[in-house]
Every structure is written in C-alpha cells, then in structure tokens.
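Here is a friendly walk through one protein chain. Keep the picture open while you read, and look up each residue as its name comes up.

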Amino acid sequence: MIYTVTLNPTIDRTLVLDGNLILGDVNRGNLTKVAAGGKGINCAQAACGMGSEAVAYCFIGKDNIEEFEKSTVGLNCDIRAEYKKGLTRTCLKVYANNGLTTEFNEYGSRLSAEEMKPFIARLIMDIQKEGKPEFIVLSGSVPPGVESGIYAGMIALFKKLGIPTMLDCDGETLRRGIESSPYLVKPNLSEFEAYCGGALQSIPEIIKNAKEVAQKYDTRLLVTIGGDGMIYADKEVCYRVTVPEVNCSTTVGAGDTVFGVLAAALSKGLSMEKSLQLAGAAACAKVVGQPGAFPVQSDVLPYLPKVSVMKWEEPETELTEDVEKEEESDQTIDFEKTEEKSEQTEETNSGK
C-alpha cells in the first residue's frame, strides 16, 4: 500500500486545439477530459496502473465540492479528502498541433494551519487502523498560507512512526524537505539546478551534485532529465537510466508517472535497479499515450527491454551494464518477485 499527499490538488481540464496556440487571438479546440489532478493524485494513479494499491489524500475546496467530486469519476485510485475554505483550483492544459503543451495553473485557495490538523489526524488514524503503508509520497506545490517547512515536518513525523517518505516539490519547500532526510527525493533537472544554485552542464556534474546531497543528508536522489533519462544517487552507488527515443505526444505527468511507478515497484520488493528500469519504461508509455491518461502494465511492457540502468563508475566515469534487460517475451510485470527471487530467475535464464 502507498499513501500519497496532495495539499494543492486541481481540477485538470485538457484542451486539444485544432491548430497551434496563437497568443492574443481566439484559439478553438475540444475539451477532451476533466479529471482530478495534482502530483500526488497522479502518482497514485500511476501506481494503481501497475497493479499496486494507492490512496490519495488531498483537500477539497468547499465552494466547488460537487465539481471536484465529478472530476474523480473514473480514477483508478482511492481518494480521501478533507475540506477547506474556498475553491479547489483549476488548471488548463492546452495541446497544440505542433506538439507543444501549454499549462495555465492557478495558485489555489489558502490553507490554514487549523485546516491541516484534521488532515494529519486522519492520516495517523488510518495508519493505526489499516497498518503502515510501505511509503508515503509527499508531492506537489503547497497552497498559499502553508509555510515552506510543511513537508519537512511531515517527513519527521512519519519517520517517528517508522514510515519512509518520498518527496517531489521545488524551491524552499524542497530545500527544507531534503534537510529532513526523506527516503528518496525526485526533483527534475531545473528544480535540482535551482537547488544547487546554477546550471549543471553535464551528466558528470549532475551526478557529482546528486551524490553530495545524498551523502550529506542521508537520502537518495532521483533527478529526471527528460529524454535523457534519469540520474539516481545514494550514499554508495549511482546509476544512469537511459530511455529510448519515442514519438512524444506530451510530457505532462511523466515525472509523476516515474515517481508513482517507482514507489509501487519498491513497495513490492523489487530492487532499486529493477524499479528504475520499470519507472523509465512507464515514463515512455506515458509520453506516447493520450493526454491525461496513465499507462497500465500492457502499455509499459514493450519499453522494458529498451531501458538501461547503468552503474556510474569513478574515477574513469565510464558506464557499465548493471541490469540485464527484461526478456521481450515477458507478458506480465511480477510485482511479487523480490530481489532475491529476481536474481535466481536471472541465473536460471543465463544457464539455458
């Protein structure tokens, strides 16, 4: 089981234009989808698409409860919401014919400290009643009125309860969250560059900074770098994940898909290497899919053999193969397979 936390959820509207987006003019298209969103809700959907169980905790604005509840119809994850004053924000995602996606995101209505108390209390009550989840994913922007240390405080709280946390946010909220040493942190490249205080010009430079952060704060870093894949670093090892070139229809939600699928895979006992490979394949399936849709296992399987997870060796900075690609004949993703069982299977296959 995975819990996700979304403090600033959205009602996402997806508009596909007839042509290209023209500023200062009338743009016409079809509204193809209206669905509840926000990074934590997206992560939960991605995890459930892989056959895992996930619960998305979030807030609903009291002034448009019915609209938000309608937007949750058809989602594959459980939504558990508390109420706050004001509106749930609306975000518009505009897809143009030239492949460019433009997003218009509202800041969201204020969330007070008093409104946070029953939210945290419900989380703790559910943990006591249902048992500890394998991970709690803290993801997305914080609404006005919430101080930047909110995730750092939640990381410390859940650490006392023996529950590992995974963090995806930016700015000061990211900086303070890292200082609380969550299990794993997933910034994208621009967010990580902002954290580091400047542009990172090469893969070795990204790796160097990621390793320094992981070692200093006893955490794991996963930096997503778009079509160039991902960089993973912990205190002992670093991996570069490379993905195949695909015909991308949209990158919206790709990072959330990576995060949700990674949490799902780790929660089922897969090694970090195998989990990264699966997350990379899921990202490929997401970006070639329909806008607003999250991949399921059958969408991901074709990309598994094409994703490589390579150990970064120093000082030569050469890449060596660390994970064998999945056999193309595999028809299912076995989440029940632990790392030990996975290794035994590979040994059996190699002897055939």
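What pLDDT does the protein chain average, and what share of the residues score at least 70? This is a predicted model, and the protein chain averages a pLDDT of 89, with 89% of the residues scoring at least 70.

Two stretches deserve some caution. Over residues 316-331 the pLDDT stays under 50, and the model has 34 contacts there beyond four places in sequence. The pLDDT also stays under 50 over residues 338-352, where the model has 6 such contacts beyond four places in sequence.

## The overall picture

Let's start with the whole chain. The protein chain has 11 helices and 15 strands. Of its 352 residues, 51% count as buried. If you take the contacts with a separation of 6 or more, residues 24 or more positions apart account for 66% of them.

## Helix α1 and its partner

Now find helix α1, residues 39-49. Is α1 mostly covered or mostly open? Mostly covered: 10 of its 11 residues are buried. Among the buried ones are Ile41, Cys43, Ala44 and Cys48. Just after α1 comes glycine 51, with a positive phi of about 90°.

Which way does α1 run relative to helix α8 (residues 254-267)? Two packed helices are described by the angle between their axes and the distance between the axes. Here the axes of α1 and α8 come within 7 Å and cross at roughly 55°. That angle falls in neither the parallel range (under 35 degrees) nor the perpendicular one (65 to 115), so α1 and α8 are oblique to each other. Their crossing is right-handed. On the α1 side, the contact is made by Lys39, Asn42, Cys43, Ala46 and Ala47, while α8 brings in Asp256, Thr257, Phe259, Gly260, Val261 and Ala264. Sorted by class, this contact has 6 nonpolar, 3 polar and 2 charged residues.

## Helix α8 meets α9

Helix α8 also packs against helix α9 (residues 272-288), at an angle of about 145° and with the axes 8 Å apart. This crossing is right-handed too. From α8, the residues in the contact include Ala254, Val258, Leu262 and Leu266. From α9, they include Met272, Leu276, Ala279 and Val287. By class, the contact of α8 with α9 has 13 nonpolar, 2 polar and 1 charged residues.

Alanine 254 turns up in another pairing as well. Its C-alpha atom is separated by 8.6 Å from that of glycine 226, although the two residues are 28 residues apart along the chain. Glycine 226 is found in the loop between β11 and β12 (230-233). Because its relative accessibility is 57%, glycine 226 counts as exposed.

## A buried lysine, and helix α6

Look next at lysine 93, in strand β6 (residues 89-95). Why does lysine 93 count as buried? Its relative accessibility is 11%, and buried means under 20%. Leaving aside residues up to four places away in sequence, lysine 93 touches Asp12, Arg13, Thr14, Leu15, Thr102, Glu103 and Val252.

Helix α6 (residues 189-196) has buried residues as well, namely Glu191, Phe192 and Glu193. What covers them includes β9 (165-168), α5, α7 and β11. Just after α6 sits glycine 197, which takes a positive phi of about 90°.

## Two residues with a positive phi

Most residues other than glycine have a negative phi. With that in mind, have a look at serine 181 and aspartate 218: phi is near 55° in serine 181, and about 50° in aspartate 218.

| Residue | Phi | Loop | Relative accessibility |
|---|---|---|---|
| Serine 181 | near 55° | between α5 (171-179) and β10 (184-185) | 19%, buried |
| Aspartate 218 | about 50° | between α7 (203-217) and β11 (221-224) | 47%, partly exposed |

Why does serine 181 count as buried? Its relative accessibility is 19%, and the cut-off for buried is under 20%. Aspartate 218, at 47%, counts as partly exposed, because that label covers values between the buried limit of 20% and the exposed limit of 50%.

Conventions. Residues numbered from 1 in each chain as written. Predicted model: local features only at pLDDT ≥ 70, side-chain atom pairs only at ≥ 80, totals over all residues. Heavy atoms only, no water. Helix = DSSP H or I, 4+ residues; strand = E, 2+ residues; numbered from the N terminus. Buried < 20%, exposed > 50% of the residue type's maximum accessible area, 1.4 Å probe, protein only. pLDDT = per-residue confidence, 0-100. Contact = heavy atoms within 4.5 Å. Axes fitted to C-alpha atoms, helices over the stretch in contact; angles between N-to-C directions. Parallel < 35°, antiparallel > 145°, perpendicular 65-115°, else oblique. Left-handed = near helix turned anticlockwise from the far one by under 90°. Nonpolar A, V, L, I, M, F, W, Y, C, P; charged D, E, K, R; others polar.
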